[in-house]
Amino acid sequence: ARHGPAPPRPPPAPNPRAVARARTVAVVSLLAPEPHGAAARTPPPHCATMARGAAAAALVVATILGFVIHRHRSLAFASAAKNFDAQSFERLTEWVKLHGGRFHEALALAEPAPCGASRGIVAMESVHKTDVSKEPLIVVPESLQMDGLRALAALEPLVPDDVLKKAPMRTLDDGALITLYLAHERAKGADSFYSLYVASLPMQAPCAWAMSDGDLLAAISTYGAILDTRGWMGQVLEARRYVERVSGGLAEDYGDHLGVTQEDLTWALGIVSSRSMGGSEAPTLVPLLDLLNHHANAHPFTGHNGMDDAIRERAEFMAFGEDGGVRSEGETVLQYLNERGSESNPDWAWWSYTHDGEQPRALGVGDECFANYITEDYTPFDWFLNLGFVPVDALPPLTWTLRRCTHTNNSYPR
């Protein structure tokens, strides 16, 4: 793939001991400035007393779970990146490896994913516990990430000084900078350094504010069976108007100089809102890793640096229950792996470990690779606003009760 010079590298991550990394929305506080949320309705009595309502409960659960899966699928098949197939995915992984990253040879793209999402990453071959305990299966180097510092360094020289005096880029938050950067790189087409990553992104953002009015009404009506969705429509429409104001303002200030339109920026804002990682204070777009689907029982993404053989051997002792004698009190295996040997961990990584970071999790053929997005106490409405659906693990206690009644299993896939 043709590309220009690599963008400048920002300084190392400021907090080397913050191992677990969140995938969160950069602009959620702006898109929904008023207090909001979905209060769960009062749960019904225990399953044993619900004989008359069992059939109705099963129908409600099936409707909700079916909608979640449908939204997962429809987001891919209605808005997936054009021409992004197995060969495109292979080129993306080779690009990551060319720049010092890692992608385990047993992993591959699945469309649709086993979980019901439009696509995901699965194991095509078994990966033994001893293998997953040594190294992360996926590593994306810091040099390929799109963050605010890199965006500012790349875009500011393209804007005339007189424009910057009136609308200084340095006053924009990271979410807005990454939005401009992504739209600009997309407009460059095959000449973009990020062309392989951009090709993997959906043509339409999944956010609720990007839905058609008909789809939005249908989605809110569906969730209204178990969530208090009063006010959702108004808040989503307000978010849509806010997005229009933001994208319009950015286009007016910088569009001509960066070669982007308001439509380009609206799309980019949706991608940043739905796919950025690193938390609202330091949003980052991380190629390849954003293809992993969320599961509450999976381990979050982590930072990563290379490790010497001694560290790796000691980590193996800990992972398999032997006394390595090297951990601090309360420190997990993954914390040890990622925090030893370096004072910063700017690369992003995915380990096949249990959610608590203590035990490596072997992968069987067909197993999907999940990550816990630890989305900073998202409410159901936050999920809906920014992702277009509410995952099962974010539904309120009523749903969990109904799911037990209907024997619906949400445990981590074995």
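Let me start with two helices of this predicted model, α7, which covers residues 174-187, and α10, whose axes come within 11 Å of each other and cross at roughly 35 degrees. The crossing of α7 and α10 is right-handed, and the residues that make the contact are A176, L180 and H184 on the α7 side, with L250, Y254 and L258 on the α10 side. If we sort the residues of this contact by character, 5 are nonpolar and 1 is polar, while none is charged.

From there we can move to the interior, where the largest nonpolar core has 62 residues, and where I138, M169, L289 and W350 are those with the most contacts inside the core. Helix α7 appears again here, since α7 gives the most to this core, with 6 residues.

What is W350 in contact with, once its neighbours within four places in sequence are left aside? The partners of W350 are P136, L137, I138, L289, L292, F301, L363, C369, F370 and A371. There is also a second, separate core, this one of 26 residues, which includes C207, Y223, L227 and W232.

Finally, a word on confidence, for which the protein chain averages a pLDDT of 75, with 65% of the residues scoring at least 70. Among the elements of the chain, helix α10, residues 232-258, has the highest mean pLDDT, at 97, whereas helix α1, residues 28-31, has the lowest, at 38. Over residues 1-20 the pLDDT stays under 50, and the model has 49 contacts beyond four places in sequence for that stretch; over residues 24-58 the pLDDT likewise stays under 50, with 69 such contacts in the model.

Conventions
Residues numbered from 1 in each chain as written. Predicted model: local features only at pLDDT ≥ 70, side-chain atom pairs only at ≥ 80, totals over all residues. Heavy atoms only, no water. pLDDT = per-residue confidence, 0-100. Helix = DSSP H or I, 4+ residues; strand = E, 2+ residues; numbered from the N terminus. Contact = heavy atoms within 4.5 Å. Axes fitted to C-alpha atoms, helices over the stretch in contact; angles between N-to-C directions. Left-handed = near helix turned anticlockwise from the far one by under 90°. Nonpolar A, V, L, I, M, F, W, Y, C, P; charged D, E, K, R; others polar. Core = buried A, V, L, I, M, F, W, Y, C linked by side-chain atoms within 4.5 Å. Buried < 20%, exposed > 50% of the residue type's maximum accessible area, 1.4 Å probe, protein only.
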